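Please find below my notes on this structure, set out as numbered points. They take up the pocket and then the sheet with its helices.

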Amino acid sequence: MSQPDTTDARRPNTADTTGPANVHMPDSAAIGAINHAIFRVARLHRMRAGQLLRRIGLHPSQELVMMQLWDQGPQRQTDLVRLLGSDAATMTRTIRRLEHAGFVRRGPSTTDKRVTIVEPTAASNALRSEVEQVWMDLETSVAEGMTLTQQSEAIEVLGRIEESLARATSQEA
């Protein structure tokens with residue numbers, strides 16, 4: 001008598017349930033192997049970014065706010081929320097911390113007192129080259145051992161993933 005086939009068609013046939021960093025993938029996560037890989041990469045990327053940014057007194061994502069302000073000049077706080085894909089509460093905390101550190105200043109708009117304008121300070125402008133160096137170091141960490149072709153392919157695949165997730169997210173809204 002033969003055993004019934006208990007293979008779940010949704011579950012990929014993966015003999016190796018560890019990622020490249022030898023992180024064990026739970027059997028229940030095998031149905032979402034890409035999700036698990038993205039989770040691991042995102043966690044390690046944020047950890048590495050945190051290590052590099054800590055050296056210059058910033059936390060992950062604060063540099064993105066600063067880059068936006070350096071490139072675009074003073075911004076409405078609501079525009080920063082939209083441009084960086086954040087939410088209002090998170091952006092308010094981020095801006096408050098950057099202001100406390102002396103990297104930004106907030107003030108009312110000259111045309112609409114209900115609007116808060118955020119602008120970089122001279123202290124943050126002095127930090128710009130250090131942030132750019134951190135991003136170069138982070139890029140080196142990410143792309144280590146990859147050819148230029150592989151880097152381009154990775155950017156293309158990540159772009160497709162982003163588009164798929166953006167579509168799925170907008171359909172739920």
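1. The residues that line the largest pocket fall into three classes: 22 are nonpolar, 6 are polar and 6 are charged. It should be kept in mind that the model is predicted.

2. The volume of this largest pocket comes to about 1700 Å³. Its lining is made up of 34 residues, and those nearest the centre of the pocket are V41, A42, H45, V142 and L158.

3. Which helices each supply at least two residues of this lining? They are helix 1 (33-54), helix 2, helix 5 (122-143) and helix 6 (148-172). The greatest contribution is that of helix 1, which gives 11 residues to the lining of the largest pocket.

4. The student should next examine the sheet. It is open, has 3 strands in the order 1-3-2, and its pairing is antiparallel. Strand 1 (75-76) and strand 2 (104-108) are the edge strands, each pairing on one side only.

5. Strand 1 and strand 3 (residues 116-120) run antiparallel and are joined by 2 bridges. Within strand 3, I117 is the bridge partner of R76.

6. Two helices may be considered together with the sheet. Helix 2 (residues 62-72) lies across strand 1, strand 2 and strand 3, and runs at about 90 degrees to strand 3. Helix 4 (residues 88-100) also packs on the sheet, where it touches strand 2 and strand 3. The direction of helix 4 makes about 115 degrees with that of strand 2.

7. Helix 2 thus deserves attention under both topics: it lies across the strands named above, and it supplies at least two residues of the lining of the largest pocket.

Technical notes. Residues are numbered from 1 along each chain as its sequence is written. This is a predicted model: local features need pLDDT of at least 70, side-chain atom pairs count only at pLDDT 80 or more; totals for chains, interfaces and linings use all residues. Side-chain values use heavy atoms; hydrogens and water are left out. Two strands pair if DSSP finds at least two bridges between them. Helices (H or I, at least four residues) and strands (E, at least two) are DSSP runs, numbered from the N terminus. Contact means heavy atoms within 4.5 Å. Axes are lines fitted to C-alpha atoms, for helices over the stretch in contact, and angles run from 0 to 180 degrees between N-to-C directions. On a 1 Å grid over the protein atoms alone, a cavity is a set of points where a 1.4 Å probe fits but cannot get out, and a pocket is an open set with protein on both sides within 12 Å along at least five of seven lines; lining residues have an atom within 4 Å of a point. Grid points are joined across faces, edges and corners, and a volume is the space filled by probe spheres set on the points. Ala, Val, Leu, Ile, Met, Phe, Trp, Tyr, Cys and Pro count as nonpolar, Asp, Glu, Lys and Arg as charged, and the others, Gly among them, as polar.
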